[in-house]
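Colleague: Please take a close look at the inside of this protein for me. Start with the core, and then work outwards to a few single residues around it.

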Amino acid sequence: MVSNRQGWTEARAFLTRLARDTRGNTLALMAIALIPLAGMVGGGVDISRMYIVKTRLQHACDAGALAGRKMMGGGSWSANTYAARGEAERFFDANYNPNAYGTTLEQPAQRRSFTESAGKVTGNARAIVPMTIMRIFGKTSTTLTVTCDAEMRLPNTDVMFVLDTTGSMRWCPNGDSSCNGNSSSRIAALRKSVKCFYQIVARLDVPDVDCDGDEPTGGTGNQVQIRFGFVPYSTNVNVGRLLPNDYLVDEWEYQTRKANLAVPPQSTTTYWETYGGGSISQGNCLSFMKNEAFGTFTPTPLNSGGPNPTPTVVSSFPHDGVASDSNNGEWGWSGASDRNGNDKSCRRRRTDTTTYYVEKFASWTYNQLPVTVSGLKAGGSTWNNSFTWPVGDTAIGNDVTNSTITWSGCIEERETEPTTDYDPIPSTALDLDIDMVPNSDESRWKPALPRLIFTRSSTDGSEYNANSWGGSWYGTWGWNVAPETTSNDYRNGSTFFCPTEARKLQAWTDASIFQGYVNSLNPDGNTYHDIGIIWGARLMSPTGIFKAENATAPNGGEIERHMIFMTDGDTNANDYDYAAYGLPFFDHRQTPANPTKAQLDEQVNLRFLAICNWVKNKNITLWVINFGEGQSQDTKDRLEACAAEGRYFSAADSTALQQTFKSIADQISQLRLTK
């Protein structure tokens, strides 16, 4: 039997050996480490699932916000029973599966929501992700949330409207002239379409127009520069007052007239002067004559004008005592009425002798003559409205007076080249050198002044007149080309039309001012597409005469540039139009002498296409809209060739025109995701 003491000793020895033996420690340590290791691995798995779910949730939220904002366009979030919100929710649901990765199924209204404020669409989304291994630590699920937003944010953007405001814009879109500028006319449709375009891009409500939806508010903010410019065109463009004084000449030759002055020769007029006023008998008259009792008929010289150099009239009454009632006598009696209506009057011969001492009007010379126009310049970029020039307002035979020559702001173009080849543009065609800064009279512009224009006699010998200066033209005609010196008072038989003043690119932050300008667009004149696009290009070029304003935005950022060219008709150029290249009948700056209408139309079309190509090569997106019906196929083909690829539109009626402008505005208004 083992004693108790011995048993204890053996047990202690066993425990000592066991404590010194490490061969079984690993198993024990592994058993102890399993619990935290399980937490780490399980947490990693669950966190990875959470990351994937949140990423999917964010993508779906972003897609929904973008889709909703795009559907909203330039209208209202609530339009069409919140169609934009429905679009946002559909895009979210299409991009996120609520059952993926074991997430808990919720009602759609609980897992995503989209709202709008000041044009920005904001989304919120949530998902409940159940835990797996982390459950052993008491974490059964976690809720993930994301936010997103999207707004219509443009890059720095310039839009130049080059708009046909010719006389046919008064007509209905189908070509019927009965509209006559009313609410169904082409010009009314254009005004509405441009205003609705502005509402989409500028995000400002134009007060007098309803653009088929709730009106926008809030603007585009100050993070980007949005500018609009205008070039209304017809026979000419009204751009002169946008230029510095130095860009226009001080003198230019116009088809006008000048007065020729001379000292008239001495003249005499002899006539009967009466006495007695119809109450004197022949016997009494003879008695008076015999007794020389003529009282007030004292034959003394009468001076009607005063001292030299005023013309002097001297009246003389010859008397040698001969009494006779014949036309050759000095005294007499007449029972017939005299030139003053007096009957039975006593009369005597009177001779008035007029002597002139200063020059008076003698004749007009009609020709291309120099006129000093510097009186329009008021310094810098400030202009006077008129100056005076002696072309005479009074009737022929009176002294020549100065006329007030008013200026509407339209111009004559600078020197050009009469050719039919504009590929490339000739270096001598300064009018087509869009970026050239004037440095000589050849490269400067000239004020168009119809009040100076006189078109001479017609070829059939009759005087040809228009309705005042620059008014409507009537009848068949043809003028004498050669200079004329004559006393005939010819007037201006040419036509002249000057549209609403153009506007440089500017931020129109007040919608009512934008509205007022667009409403001022009035249709009149013939169709010269070339002058419209020439000045549209000049006013927006980043490297031309306005490069200081156009090269970059104020923050130094780049600018996206768009030109929208809209017309309703074929080219219509005439040699009786006083247009941007003068009066072709006399000046023929683009063509040979005696130009035909076909030659003038060809010049407009060739120059138009040359500048279309220049615009597109300048990285300006050129949108072209053909509005109305009845244009020739050649015109349609030319307009399509002008436009940038895929940027030509044809709108037959007012609704189509508004939709076309809206489509362009939507394409220009690019979406930017802000979060």
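Modeller: What follows goes from the core to the cavities, then to single residues and some unusual backbone spots.

A word on the ground rules. This is a predicted model, where local features need pLDDT of at least 70 and side-chain atom pairs count only at pLDDT 80 or more, while totals for chains, interfaces and linings use all residues. Residues are numbered from 1 along each chain as its sequence is written, and side-chain values use heavy atoms, with hydrogens and water left out.

First, the whole chain. The chain has 675 residues, and 47% of them count as buried. Buried means under 20% relative accessible area, exposed means over 50%, and partly exposed is in between (1.4 Å probe, protein chains only). There are 13 helices and 21 strands. These are DSSP runs, numbered from the N terminus: helices are H or I with at least four residues, strands are E with at least two. Now take the contacts (heavy atoms within 4.5 Å). Of those with a separation of 6 or more, 74% join residues 24 or more positions apart.

Now the core itself. A nonpolar core is a set of buried Ala, Val, Leu, Ile, Met, Phe, Trp, Tyr and Cys residues joined through side-chain atoms within 4.5 Å. The largest one holds 75 residues. Six of them touch the most other members: Leu 449, Ile 533, Trp 535, Met 563, Phe 565 and Leu 622. Helix H11, residues 597-617, gives the most to this core, with eight residues. There is a second, separate core of 41 residues, and among its members are Val 159, Phe 161, Ile 564 and Ala 665. In soluble globular proteins, nonpolar side chains tend to be buried together.

Zoom in on Ile 533. Leaving out residues up to four places away in sequence, Ile 533 touches Val 162, Met 563, Phe 565, Phe 608, Ile 611, Cys 612, Leu 622 and Cys 642. Met 563, Phe 565 and Leu 622 are themselves on the list of six above.

Helix H11 also holds a polar residue, Asn 605. Asn 605 is buried because its relative accessible area is 13%. Its side chain makes a polar contact of 2.6 Å with the side chain of Thr 571. A polar contact is a pair of N or O atoms within 3.5 Å; within protein, one must be able to donate a hydrogen and the other to accept it, and residues adjacent in sequence count only if both atoms are side-chain atoms. Beyond four places in sequence, Asn 605 touches Thr 571 and Arg 638.

Next, the gaps. A cavity is a set of points on a 1 Å grid over the protein atoms alone, where a 1.4 Å probe fits but cannot get out; lining residues have an atom within 4 Å of a point. Points are joined across faces, edges and corners, and the volume is the space filled by probe spheres set on them. Five cavities reach 30 Å³ or more. The largest has about 60 Å³ of space. Its lining includes Tyr 528, Asn 574, Tyr 581, Gln 590, Leu 600 and Val 604. The lining divides into eight nonpolar, three polar and no charged residues. Here Ala, Val, Leu, Ile, Met, Phe, Trp, Tyr, Cys and Pro count as nonpolar, Asp, Glu, Lys and Arg as charged, and the others, Gly among them, as polar.

Now try a charged residue. Arg 227 lies in strand E5. Arg 227 counts as buried because its relative accessibility is 6%. Its side chain makes a polar contact of 2.9 Å with the side chain of Asp 158. Arg 227 also touches Val 159, Gln 506, Glu 549 and Ile 559, among others. Val 159 belongs to the second core. Gln 506 is 279 residues away along the chain, yet the two C-alpha atoms are separated by 4.7 Å.

Ile 559 leads to Thr 552, which touches Gly 557 and Ile 559 beyond four places in sequence. Thr 552 sits in the loop between helix H9 (547-550) and strand E18 (560-567). Thr 552 counts as partly exposed because its relative accessibility is 40%.

Last, the backbone. Most residues other than glycine have a negative phi, and most peptide bonds are trans. Arg 203 has a positive phi, near 60°. Arg 203 lies in the loop between helix H5 (186-202) and strand E5 (226-233). Arg 456 has a positive phi too, near 70°. Arg 456 counts as buried because its relative accessibility is 1%. Finally, the peptide bond from Asp 423 to Pro 424 is cis, with omega near 5°.

Definitions and conventions
On a 1 Å grid over the protein atoms alone, a cavity is a set of points where a 1.4 Å probe fits but cannot get out, and a pocket is an open set with protein on both sides within 12 Å along at least five of seven lines; lining residues have an atom within 4 Å of a point.
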